[in-house]
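Student: Could we go through this model together? I would like to see how each label is earned.

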Amino acid sequence: MRGVVMHSAGDVRVEERDDPKIIEPTDAIIRLTASCICGSDLWPYRGVEPVDHQVMGHEYVGVVEEIGPEVQSIKVGDFVVGSFWASDNTCEICRAGYQAYCVHRVLMGTIGTQSELARIPLADGTLVATPGQPDADLVPSLMAASDVLGTGWFAAVAAEAGPGKTVAVVGDGAVGLLGILAAKQLGAERIIAFSRHADRQALAREFGATDIVEERGDAGVARVKDLTGGLGASSVIEAVGTQEAMMQAIHSTRPGGHVGFVGVSHDVAIPGDELFMAGVHIHGGPAPVRQYLPELIRLIWDRTIDPGKVFDLTLPLEKAAEGYQAMHERRATKVLLTF
Ligand SMILES: [Zn+2]
């Protein structure tokens, strides 16, 4: 099969890889309908994280080709969506809704789903079948559910976005934009998006943002305070992962408010005195996307939400390197790979 391998920083190739085989009796093999490039794939691409001939990709939708002898709920021919952590969905941590920390979890990035086929461990727990074969125009939205939508959703839940709340969103990448969509679905009254890019501002408004703030850092915090009677937002989503973004999120939150952080942390250090004085709740980390998949699939299937709009470039798998380049240069927010 064909699949993406990152040889070294900036060197992405599509190569012949061995077809995956069932290894554990709980595995399934899927044929991908689409894959995509994640903002987090850019960390090794830019040399911020080490990389050496790494298979790439952790987002996937596709059709089940083969199942192991112990797989019971997933059938050959099902169209399925799964998240970037394979999880059994039965252990105590999973049942508490934290499937990203399943005691048997497997990181899909080590398997590499920017490929024609993929082995999915713990198939019964990991995969959620759609009600039938999706119309082609639903595939990008189902693909988004695999990571960026589920992650934005978790951020909004962790920030306790809901009716009557003012939600501020730091980060206008795919996750931040879908955090806006999630906050809107959860009933937020007002949604403030931090963004400097006209195209992303437009999508933010389409997803439910009521206010746009172009300033960053302390100036951005001051704008949020201006917009909220000096109090700060009740819920703040942090979807970047840098020091500036995290402090901007904490300082934009009113006392007693909630920060939901999902930007993959890179050298973030929160000063203890600022944390102490902020008086805010902070919750986040790798999103338990699996918890939300049934609900997200239903909202997509019913055409209530259209998260697939975050994909602004679609390329065949063979041109994956071009997709990485486009995201690296910020010419694309998120790239869909097709087969
Ligand atoms: Zn588990």
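Student: What makes the sheet with the order β2-β1-β4 an open one, and which strands stand at its edges?

Tutor: In this predicted model, the sheet has 3 strands with antiparallel pairing. β2 (11-16) and β4 (54-55) each have a single partner strand, so one side of each is left without a neighbour in the sheet, and these two are the edges.

Student: How do you know that β1 and β4 pair?

Tutor: Pairing needs at least two bridges, and β1 (residues 2-8) and β4 have 2 bridges in the antiparallel sense. One of the bridge partners is Q54 in β4, matched with M6.

Student: Which helix packs on this sheet, and what does its direction make with that of β2?

Tutor: Helix α12 (residues 320-328) touches β1 and β2, at about 160 degrees to the direction of β2. Angles over 145 count as roughly antiparallel, so that word fits α12 and β2.

Student: Why are α5 and α6 called oblique to each other?

Tutor: The axes of α5 (residues 148-158) and α6 (residues 174-185) cross at roughly 55 degrees and come within 7 Å. Roughly parallel needs under 35 and roughly perpendicular begins at 65, therefore the pair is oblique. The crossing is right-handed.

Student: What kinds of residues make the contact of α5 with α6?

Tutor: They divide into 11 nonpolar, 3 polar and no charged. Among them are W153 in α5 and L178 in α6.

Student: What makes β15, α10 and β16 a unit?

Tutor: β15 (residues 253-261) and β16 (residues 281-284) pair in the parallel sense over 4 bridges, with V259 and I282 as bridge partners. With helix α10 (residues 272-278), they make a right-handed β-α-β unit.

Technical notes: Residues numbered from 1 in each chain as written. Predicted model: local features only at pLDDT ≥ 70, side-chain atom pairs only at ≥ 80, totals over all residues. Axes fitted to C-alpha atoms, helices over the stretch in contact; angles between N-to-C directions. Parallel < 35°, antiparallel > 145°, perpendicular 65-115°, else oblique. Left-handed = near helix turned anticlockwise from the far one by under 90°. Contact = placed C-beta atoms within 7 Å. Nonpolar A, V, L, I, M, F, W, Y, C, P; charged D, E, K, R; others polar. Right-handed = clockwise from strand over helix to strand, strands pointing away.
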